[in-house]
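Trainee: Could you take a close look with me at the topic of cavities and pockets, and explain the terms as you go?

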Amino acid sequence: MERVSDLLVVADQAAIAQEAAKRVVAIAQEAVARCGRFTVALAGGSTPKRLYSLLADEPYRTRLPWRETHLFWGDERAVPPEHPESNFGMAKESLLSRVPIPANQVHRMQAERADLDEAAGEYQAEIAKTFAAQPSDKPPAFDLILLGLGPDGHTASLFPYTRALREISRWVAPNYIPTLKANRLTFTTSILNRATTILFLVSGIEKAAALQVVLEGPPAPERLPAQLIRPIAGRLVWLVDQAAASRLGDRIP
Ligand code: 6PG
């Protein structure tokens with residue numbers, strides 16, 4: 001099936017948040033109208049924080065169907081939820097503590113656990129249960145997965161030359177990141193590429209080089225894991241600001 005890919009360049013990070021908020025609401029309302037539920041996996045890092053804060057404010061707060069929403073994370077750092085680097089912690093502060101989403105519909109990745117293999121398997125089972133699927137089935141299709149892009153071309157916690165890049169059956173996997181000397185839990189491409197919509201949020205001049213080679217450079221997915229994100233039947237949307245887009249169209253050295 002033809003994969004749809006859109007690139008939308010907006011002024012700045014505030015404009016990314018506004019445009020993304022509109023799209024999240026539209027996707028959520030359509031999903032609930034279609035199947036009575038909205039499933040979304042949040043991105044970590046700093047870029048999405050503004051979006052999450054917006055979704056907790058009017059008019060978006062009222063427009064989002066929180067009672068029918070199931071929130072997951074596409075990746076998490078190996079830290080407890082109250083740690084300043086926790087993706088869950090960031091979302092809790094900017095969003096979860098301010099909206100009426102039922103607590104049992106907030107599915108935190110427990111990446112602080114000692115046994116990350118077990119934690120990954122349990123998270124996969126939790127995803128399966130939400131979708132009334134079996135963990136042994138092929139991955140379910142999230143209505144929306146939010147992703148960011150690192151300056152090294154990583155996305156979620158799929159970092160260059162790491163083992164999880166080659167995981168094709170597990171939906172969620174532990175991943176050791178040598179450059180960070182840190183463990184992570186991450187969605188793998190098997191579940192990422194089944195999403196109905198993948199929305200990348202990319203802001204800032206420090207992402208310009210990575211964005212250019214990911215989008216316009218030759219295929220090099222081990223070095224540029226974001227190139228692995230190719231929805232099988234879904235829509236791929238890159239929502240970027242002018243600074244991040246400033247190298248697009250330049251000759252690649
Ligand atoms: C994480 C993210 C990661 C992030 C990029 C961009 O846990 O760090 O999931 O993939 O999206 O590193 O991060 P910024 O938005 O902070 O630039």
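**Cavity and pocket**

Mentor: Happily! This structure holds one cavity of 30 Å³ or more. Here a cavity is a set of points, on a 1 Å grid over the protein atoms alone, where a 1.4 Å probe fits but cannot get out. Please keep in mind that this is a predicted model, in which local features need pLDDT of at least 70 and side-chain atom pairs count only at pLDDT 80 or more, while totals for chains, interfaces and linings use all residues. Residues are numbered from 1 along each chain as its sequence is written, and side-chain values use heavy atoms, with hydrogens and water left out.

Now for the largest cavity, which has a volume of about 80 Å³. A volume is the space filled by probe spheres set on the points, with grid points joined across faces, edges and corners. Around the largest cavity you will find V24, F38, V40, L42, L55, L64, W66, T69, L71, L95 and L146; such lining residues have an atom within 4 Å of a point. Two elements, β2 (38-42) and β3 (69-73), each give two or more residues to this lining. Strands are DSSP runs of E with at least two residues, numbered from the N terminus, and helices are runs of H or I with at least four. Strand β2 gives the most to the lining of the largest cavity, namely three residues. Sorted by class, that lining has 10 nonpolar residues, one polar residue and no charged ones. In this sorting, Ala, Val, Leu, Ile, Met, Phe, Trp, Tyr, Cys and Pro are nonpolar, Asp, Glu, Lys and Arg are charged, and the others, Gly among them, are polar.

Next, look at the largest pocket, where about 360 Å³ of space lies. A pocket is an open set of points with protein on both sides within 12 Å along at least five of seven lines. The largest pocket is lined by 23 residues, and those closest to its centre are G44, G45, S46, R77 and H154. Among elements, β4 (75-77) and β5 (144-147) give two or more residues to the lining of the largest pocket. What about its classes? The lining of the largest pocket has 10 nonpolar, nine polar and four charged residues. Compare that with the lining of the largest cavity, where no charged residue is found.
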